[in-house]
Amino acid sequence: MIHQELIQPGSIHVPFQEVRPKSYQVYMETFGCQMNEYDSELIRAMLKTQGFGFTDQSDEADVILLNTCAIRENAHNRVYGHLGKLKYHKQERGVVIGVLGCMAQNLKKELLDSQPFIDVLVGPDGYRQLPKLLTTAITTRAKGLSVDLSEYETYEHIIPERVSGVNAWIAVMRGCDNFCTFCVVPYTRGRERSRDPQGILLEAQGLAEQGFKQITLLGQNVNSFRFDHWDFAKLVTAVADIPGIERVRFMSPHPKDFPPALLDTVAQHPNVCSQIHLPLQSGSDRVLEAMGRGYTRKEYVQLVEAIRRRGDIPLTTDIICGFCGETDTEYSATSQLMEEVGYHAAYIFKYSERKNTIAARKFPDDVPEAIKTERVAQLIDRQKTISLKNNRRMIGQTVDVLVEGDAKKSSQQWVGHTESHVTVVWDKLCRPSQPGELLSVFIEDASASTLFGRPN
Ligand code: SAH
Ligand code: SF4
Ligand code: F3S
């Protein structure tokens, strides 16, 4: 039996249906991008309000939730791998299994039918239904599905249950209307919609009062934020003006409509971080056109030049290798542009055909796997050399670092980031510190990914 929930337009004003389960324990894992991390925080808040508890032990949980990603085939495969392991919990203990997020939205009932041990399937606009669907699944074993996209849902008035730390995410808009031909996001997250800036600012003030030092404003295409007479530059300025917020970041802007006013905001506000993620995808005009990116190589370079005229603003990027029909010459154009821009970091992906996207319908996925792999490896190598060169330039300089917590490799070291988002690591013994502190660090050494230093 499928228990289907439809999202009504305007459902953001409908209060939760009153359900009072005993404190069922939920274990949740999150895959994918920061937007999914943020959605998991929203989900946690919504479930806790309805009496659910959370555990970090999957074998103690009554409910296991996977908040999933669909961006590339390997994202799907990771989730299938996890689902395989969860079967055990289902067979041994009758745990309720929920799959949420972009993969749930992408595959819908097909996923429910192919993986019969999934009880609940909810897409990114359906989370208000989750407490009720889970309660129904626990008490009656009925399956639940909520995969209707909404043009309105922004989860206004729900304060995410954040993992304590230094940084807090705020999604300022949801969805994407760009329909880059390779991308599944417009289908998994639906139409673009912005949140009311008054709600965003209240939330940001609350975060400053709770001691969060950094706010990262999120959106699939964050510079599309628009609400009445507010645009994104105005929103960033207003968040930066909140006392107590040491750093404001945003991601990801789209190169095709990067607003010049946003550059003024970055240049004029010392607490708006001077680092911009500017996804290139390809350096070839033919490929950019086929991808539907809405800019040419020349326009991208002009934007980079405009950014560079405003100061030393490090750039990072995303690149896809092996998109439909990509020739050696076209791939070389990307590689050469990477060198020319000198990115601080680049995320390099193999093209992965996504069902029903424009590219899947229009173009054959014809670059052989071995060539995709080779191109990705070459670009990663090339980027490492560029990053190392950029980082080595920092040796001998003193930088402001926001202390974030234990370094990944050793609890004897702290990790933090510079304002331009370069990772810095130093020994705890050098100086007593605590997360959230802004520290001046003298850089002594550098690798392609990390600066090593000593606090002054
Ligand atoms: N909205 C962001 C991108 C979000 S997805 C933007 O436009 O900047 C993050 C990255 O995943 C994209 O920039 C792209 O490089 C990569 N990506 C998206 N779809 C892909 C696909 N089908 N195959 C490989 N990489 C993909
Ligand atoms: Fe995907 Fe393009 Fe939207 Fe980014 S802008 S989420 S790549 S469709
Ligand atoms: Fe993010 Fe993956 Fe969805 S990248 S928007 S979780 S498809």
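The chain exposes about 19,900 Å², of which carbon and sulfur atoms supply 50%; accessible areas come from the Shrake-Rupley method with a 1.4 Å probe, and for residues only the protein chains shown count as cover. This is a predicted model, in which local features need pLDDT of at least 70 and side-chain atom pairs count only at pLDDT 80 or more, while totals for chains, interfaces and linings use all residues. Residues are numbered from 1 along each chain as its sequence is written, chains are lettered from A and ligands numbered from 1 in the order in which they are written, and side-chain values use heavy atoms, with hydrogens and water left out.

**Overall fold**

Of the 456 residues of the chain, 56% count as buried, that is, under 20% relative accessible area, with over 50% termed exposed and values in between partly exposed. The radius of gyration, taken over C-alpha atoms, is 23 Å, which agrees with the value near 23 Å for a compact globule of 456 residues; the globule rule is 2.2 Å times the number of residues to the power 0.38. Along the principal axes, the C-alpha atoms fill a box of roughly 65 × 55 × 45 Å. Among contacts (heavy atoms within 4.5 Å) with a separation of 6 or more, 74% join residues 24 or more positions apart.

**Helices**

The chain has 14 helices and 22 strands, which are DSSP runs numbered from the N terminus (helices H or I, at least four residues; strands E, at least two). Helix α1 covers residues 34-49 and reaches 23 Å from its first C-alpha to its last, close to the 22 Å expected; the expected span is 1.5 Å times one less than the number of residues. Buried residues of α1 include M35, Y38, D39, E41 and L42. Just after α1, G51 takes a positive phi of about 95 degrees.

Q198 lies in helix α7, residues 197-210. Q198 counts as partly exposed because its relative accessibility is 45%. Its C-alpha atom is separated by 14 Å from that of D241, 43 residues apart along the chain.

**Ligand surroundings**

A residue is near a ligand if one of its heavy atoms lies within 4 Å of it. Ala, Val, Leu, Ile, Met, Phe, Trp, Tyr, Cys and Pro count as nonpolar, Asp, Glu, Lys and Arg as charged, and the others, Gly among them, as polar.

| Ligand | Residues around it | Shell make-up |
|---|---|---|
| Ligand 2 | C176, N178, F179, C180, F182, C183, V185, P186, Q220, H254 and R293 | seven nonpolar, three polar, one charged |
| Ligand 3 | C33, N36, C69, A70, I71, C102, R189 and Q220 | five nonpolar, two polar, one charged |

Q220 appears around ligand 2 and also around ligand 3. N36, one of the residues around ligand 3, is buried in α1.

Technical notes
Buried means under 20% relative accessible area, exposed over 50%, partly exposed in between (1.4 Å probe, protein chains only).
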